[in-house]
Amino acid sequence: PVAKNVAVVYYSNDSWSQAYIHYCIANRSWTNVPGVLMEATSEREGYSWKYVIDLDTEKSAQICFNNGNNQWDSRNSANYALSAGTYGVKNQSITKLAD
(Lines give C-alpha, C1' and ligand atoms only; values in the text may rest on other atoms or scores of the structure.)
Protein backbone atom coordinates (compact mmCIF):
# COMPACT_ATOMS: atom_id res chain seq x y z
CA PRO A 1 0.00 0.00 0.00
CA VAL A 2 1.02 3.57 -0.70
CA ALA A 3 1.78 5.76 2.32
CA LYS A 4 -0.90 8.36 2.97
CA ASN A 5 0.64 11.65 1.93
CA VAL A 6 2.84 10.86 -1.03
CA ALA A 7 2.67 11.52 -4.76
CA VAL A 8 3.89 8.55 -6.79
CA VAL A 9 4.98 9.83 -10.19
CA TYR A 10 5.49 7.67 -13.28
CA TYR A 11 7.02 9.43 -16.27
CA SER A 12 7.68 8.63 -19.90
CA ASN A 13 9.58 10.45 -22.65
CA ASP A 14 10.55 8.27 -25.59
CA SER A 15 13.50 10.44 -26.65
CA TRP A 16 15.27 10.47 -23.25
CA SER A 17 17.64 7.83 -21.86
CA GLN A 18 17.24 9.14 -18.29
CA ALA A 19 14.88 11.45 -16.45
CA TYR A 20 15.23 13.79 -13.50
CA ILE A 21 12.31 15.14 -11.49
CA HIS A 22 12.63 18.74 -10.29
CA TYR A 23 9.99 19.67 -7.75
CA CYS A 24 8.75 22.02 -5.07
CA ILE A 25 6.42 20.92 -2.25
CA ALA A 26 3.80 23.60 -1.53
CA ASN A 27 5.65 26.92 -1.33
CA ARG A 28 8.91 25.41 -0.13
CA SER A 29 12.21 25.47 -2.00
CA TRP A 30 12.70 23.67 -5.31
CA THR A 31 15.14 20.77 -5.55
CA ASN A 32 18.54 21.74 -6.95
CA VAL A 33 18.70 21.61 -10.77
CA PRO A 34 18.55 19.15 -12.47
CA GLY A 35 16.55 17.55 -9.66
CA VAL A 36 16.55 13.92 -8.58
CA LEU A 37 17.35 11.07 -10.97
CA MET A 38 14.20 8.99 -11.35
CA GLU A 39 14.28 5.22 -10.89
CA ALA A 40 14.00 3.16 -14.08
CA THR A 41 10.91 0.98 -13.82
CA SER A 42 8.69 -1.31 -15.84
CA GLU A 43 5.97 -1.71 -13.19
CA ARG A 44 3.50 0.46 -15.13
CA GLU A 45 3.07 -0.19 -18.84
CA GLY A 46 3.84 2.88 -20.91
CA TYR A 47 6.04 4.56 -18.27
CA SER A 48 9.82 4.34 -17.98
CA TRP A 49 10.62 6.05 -14.66
CA LYS A 50 9.24 6.38 -11.14
CA TYR A 51 9.74 8.71 -8.19
CA VAL A 52 7.90 9.04 -4.88
CA ILE A 53 7.51 12.52 -3.38
CA ASP A 54 6.81 12.67 0.34
CA LEU A 55 4.46 15.62 0.69
CA ASP A 56 5.01 15.72 4.46
CA THR A 57 2.12 17.80 5.86
CA GLU A 58 1.48 19.67 2.59
CA LYS A 59 -1.25 19.10 0.01
CA SER A 60 0.57 19.36 -3.33
CA ALA A 61 3.78 19.73 -5.30
CA GLN A 62 4.77 21.45 -8.52
CA ILE A 63 6.98 19.30 -10.72
CA CYS A 64 8.80 19.31 -14.02
CA PHE A 65 11.24 16.95 -15.67
CA ASN A 66 14.53 17.09 -17.56
CA ASN A 67 16.99 14.69 -19.14
CA GLY A 68 20.07 15.96 -17.29
CA ASN A 69 21.23 17.72 -20.47
CA ASN A 70 19.07 20.84 -20.26
CA GLN A 71 16.08 19.46 -22.16
CA TRP A 72 13.00 20.20 -20.07
CA ASP A 73 9.39 19.06 -19.88
CA SER A 74 7.78 21.77 -17.79
CA ARG A 75 4.41 21.81 -19.54
CA ASN A 76 5.47 24.92 -21.46
CA SER A 77 6.81 26.55 -18.25
CA ALA A 78 3.50 26.01 -16.41
CA ASN A 79 4.79 22.92 -14.53
CA TYR A 80 2.67 19.98 -13.39
CA ALA A 81 0.72 20.16 -10.12
CA LEU A 82 0.07 16.95 -8.21
CA SER A 83 -1.51 16.10 -4.89
CA ALA A 84 -1.28 12.80 -2.97
CA GLY A 85 -1.94 9.78 -5.18
CA THR A 86 -0.45 7.91 -8.12
CA TYR A 87 0.01 9.62 -11.48
CA GLY A 88 1.42 9.01 -14.92
CA VAL A 89 2.87 11.93 -16.85
CA LYS A 90 3.39 11.54 -20.58
CA ASN A 91 3.07 13.84 -23.61
CA GLN A 92 2.40 16.84 -21.34
CA SER A 93 -0.66 15.29 -19.75
CA ILE A 94 -1.30 13.86 -16.29
CA THR A 95 -3.26 10.63 -15.84
CA LYS A 96 -4.51 9.55 -12.40
CA LEU A 97 -3.51 5.90 -11.95
CA ALA A 98 -4.81 3.31 -9.51
CA ASP A 99 -2.72 3.32 -6.32
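A residue counts as buried here when its relative accessible area is under 20%. With that cut-off in hand, a look at strand β6 of this predicted model is a good way in. The strand covers residues 60-66, and five of its seven residues are buried, so β6 is largely enclosed by the rest of the structure.

Part of the picture comes from the neighbouring strands. Strand β2, residues 20-25, runs antiparallel to β6 and is joined to it by six bridges; within this pairing, Ile 25 sits opposite Ala 61. Strand β8, residues 80-83, also pairs with β6 in the antiparallel sense, this time over four bridges, and here Ser 60 has Ser 83 as its bridge partner. Then there is β7, made up of residues 72-73, which is antiparallel to β6 and held by two bridges. Phe 65 faces Asp 73 across that pairing. Together β6 and β7 make a hairpin, with five residues in between, and Gly 68 in the turn shows a positive phi of about 85 degrees.

Asn 66 belongs to β6 as well. Its relative accessible area is just 1%, so Asn 66 falls under the 20% cut-off and is buried. What do the polar atoms of its side chain lie beside? One such atom of Asn 66 is 2.6 Å from the backbone oxygen of Pro 34, while the backbone nitrogen of Gly 68, the turn residue met above, lies 2.8 Å from a polar side-chain atom of Asn 66. Leaving aside residues up to four places away in sequence, Asn 66 touches Trp 16, Gln 18, Ala 19, Tyr 20, Pro 34, Gln 71 and Trp 72.

Notes. Residues numbered from 1 in each chain as written. Predicted model: local features only at pLDDT ≥ 70, side-chain atom pairs only at ≥ 80, totals over all residues. Heavy atoms only, no water. Buried < 20%, exposed > 50% of the residue type's maximum accessible area, 1.4 Å probe, protein only. Polar contact = N/O pair within 3.5 Å; in protein donor to acceptor, adjacent residues only side chain to side chain. Contact = heavy atoms within 4.5 Å. Pairing = 2+ DSSP bridges.
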